[in-house]
Amino acid sequence: QLLRAHVDRAPQITPEFGMEMAQSLLGVLVAFLHSFQRKVERFLEAPGEATPPDGATGRAIGLVNCCPPFRAFTDRLAQFGHPESEELQRQAHAALDKVTRLCNHILTQHLFEDLKPYFNKLMKRKWLTSSDAFDTIVMLITSFSQKLRPLRPEPYQVLVSEVHRRVLIEYVRPLLQVRLVCTSAKMRARVAARLGDEARQLRELFNRLDSASPWLDSVVPRLRELLVLEDTAALQMEVGVLVRDFPDVRRKHVAAVLDVRGLRSHAARQEILAVVQDLEQSEAEPELPRQRAFFSELPVAREVRCLPFQLPRLARLSRLRLRR
């Protein structure tokens, strides 16, 4: 209120004085926001012992709701056009972004702790015959969304988009861990059908929650296509589309999906993986911002799991040095 009073009255004297006053007030606001950021860090990292479990959620919502009016006032001061306003505006936004991330971490940490056991049950043989684990994931996310009603629109959009991204990462993670390998075309069809159905449910869920990250909705369908397509050329084209939509995908990620598929032909694998080879070796590839990163947060331990021979034969090959 004090800053608004000055910024409203100063231009009535002269436009030049109004610009200088706005620049001075912007510097004061930036200093305040840096202090605000540090106080929020201490406040959230050291909650009082008498605080009830839901108290952290209420505090985080109250603090993150302060960010939109601060951001709007920062932009208003920068609009006066002082040459040095751009850098101060950047610093103010950086402090507010940090506060938003801290509050979002507090709001989501319990959700993902609750979701973890159910993500661990996905992509196993029991998952093919029971939807209990996935249904519980959807139920927990829906219940969590009810707690977000007090949030202002801006922090709500940021939070839901981040939850959307993290949920898809945790959903895809067990697939790339190759927890199951398709031993027949019939099994591949079952896995693909389950992936397609659950991808649809996740898309509908986050559409209801007004997620601003629809680009995430294509990741599971793209991986699903790598299981159902039969022709090597078609698989190469699908990998190319996957690389286009998700620039941080790497050879090891595609190789893991081919392992799930049960593709054992070395020649076919190499033809398909060659599509991502150039991207993986490119040093000029721009680094994606965190909110657009996906596959870079999904490590894959091994590249090849499907061996082109039966396991009993390993005893006879134990003295051979096999190339990786």
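Here are five short exercises, with worked solutions, on a predicted model.

**Exercise 1. The nonpolar core**

Find out how many residues the largest nonpolar core has, which helix gives the largest share, and what Val 254 is in contact with.

*Solution.*
- Step 1: Start with the count. The largest nonpolar core has 95 residues.
- Step 2: Look for the residues with the most contacts inside this core. Among them are Leu 122, Tyr 171, Phe 206 and Val 254.
- Step 3: Now check the helices. Helix H5 (residues 85-119) supplies the largest share of the core, 13 residues.
- Step 4: Zoom in on Val 254. If you leave aside neighbours within four places in sequence, Val 254 is in contact with Val 239, Leu 242, Val 249, Ile 272, Leu 273 and Val 276.

As background, nonpolar side chains tend to be buried together in soluble globular proteins.

**Exercise 2. Two aromatic pairs**

Work out whether the pair Phe 32 and Phe 36 is stacked or tilted, then do the same for Phe 246 and Phe 294.

*Solution.*
- Step 1: Know what to look for. A pair of aromatic rings is described by the distance of the centres and the angle of the planes. This structure holds eight aromatic pairs.
- Step 2: Take Phe 32 and Phe 36. Their ring centres are 6.2 Å apart and their planes sit at 10°. Planes under 30 degrees apart count as stacked, so this pair is stacked.
- Step 3: Place that pair. Phe 32 and Phe 36 are four residues apart in helix H2 (residues 15-45), so about one helical turn separates them.
- Step 4: Check exposure. Phe 32 has 40% relative accessibility, so it counts as partly exposed, whereas Phe 36, with a relative accessible area of 13%, is buried.
- Step 5: Turn to Phe 246 and Phe 294. Here the ring centres are 5.8 Å apart and the planes are at 55°, so the pair is tilted.
- Step 6: Place this pair too. Phe 246 is in the loop between helix H11 (232-245) and helix H12 (251-261), and Phe 294 is in the segment after helix H13 (266-281), so the pair ties together parts 48 residues apart in sequence.
- Step 7: Finish with their surroundings. Phe 246 and Phe 294 are both buried, and they form one aromatic cluster with Trp 215 and Phe 295.

**Exercise 3. Arginines over rings**

Identify the rings that Arg 59 and Arg 194 lie over.

*Solution.*
- Step 1: Arg 59 lies over the face of Phe 43, 5.1 Å from the ring centre.
- Step 2: Arg 194 lies over the face of Trp 127, 5.8 Å from the ring centre.

**Exercise 4. The faces of H11**

Decide where the buried residues of H11 fall when you look down its axis.

*Solution.*
- Step 1: Get the length. H11 has 14 residues and reaches 20 Å from its first C-alpha to its last, close to the 20 Å expected.
- Step 2: List the buried residues of H11: Leu 235, Glu 238, Val 239, Leu 242 and Val 243.
- Step 3: Look down the axis of H11. The buried residues fall within an arc of 145°, so they line one face of the helix.
- Step 4: Check the other side of H11, where Met 237 and Arg 244 are exposed.

**Exercise 5. Ser 213 in its loop**

Is Ser 213 buried or exposed, and which residues is it in contact with?

*Solution.*
- Step 1: Locate Ser 213 in the loop between helix H9 (185-208) and helix H10 (219-228).
- Step 2: Use its relative accessibility. At 8%, Ser 213 counts as buried, because the cut-off is under 20%.
- Step 3: Leave aside neighbours within four places in sequence. Ser 213 is then in contact with Ser 161 and His 164.

Key:
Residues numbered from 1 in each chain as written. Predicted model: local features only at pLDDT ≥ 70, side-chain atom pairs only at ≥ 80, totals over all residues. Heavy atoms only, no water. Core = buried A, V, L, I, M, F, W, Y, C linked by side-chain atoms within 4.5 Å. Buried < 20%, exposed > 50% of the residue type's maximum accessible area, 1.4 Å probe, protein only. Helix = DSSP H or I, 4+ residues; strand = E, 2+ residues; numbered from the N terminus. Contact = heavy atoms within 4.5 Å. Phe/Tyr/Trp six-rings, centres within 6.5 Å; stacked < 30°, edge-to-face > 60°. Lys NZ or Arg CZ within 6 Å of the ring centre and 35° of its normal. Expected span 1.5 Å × (residues − 1). Arc of directions from axis to C-beta.
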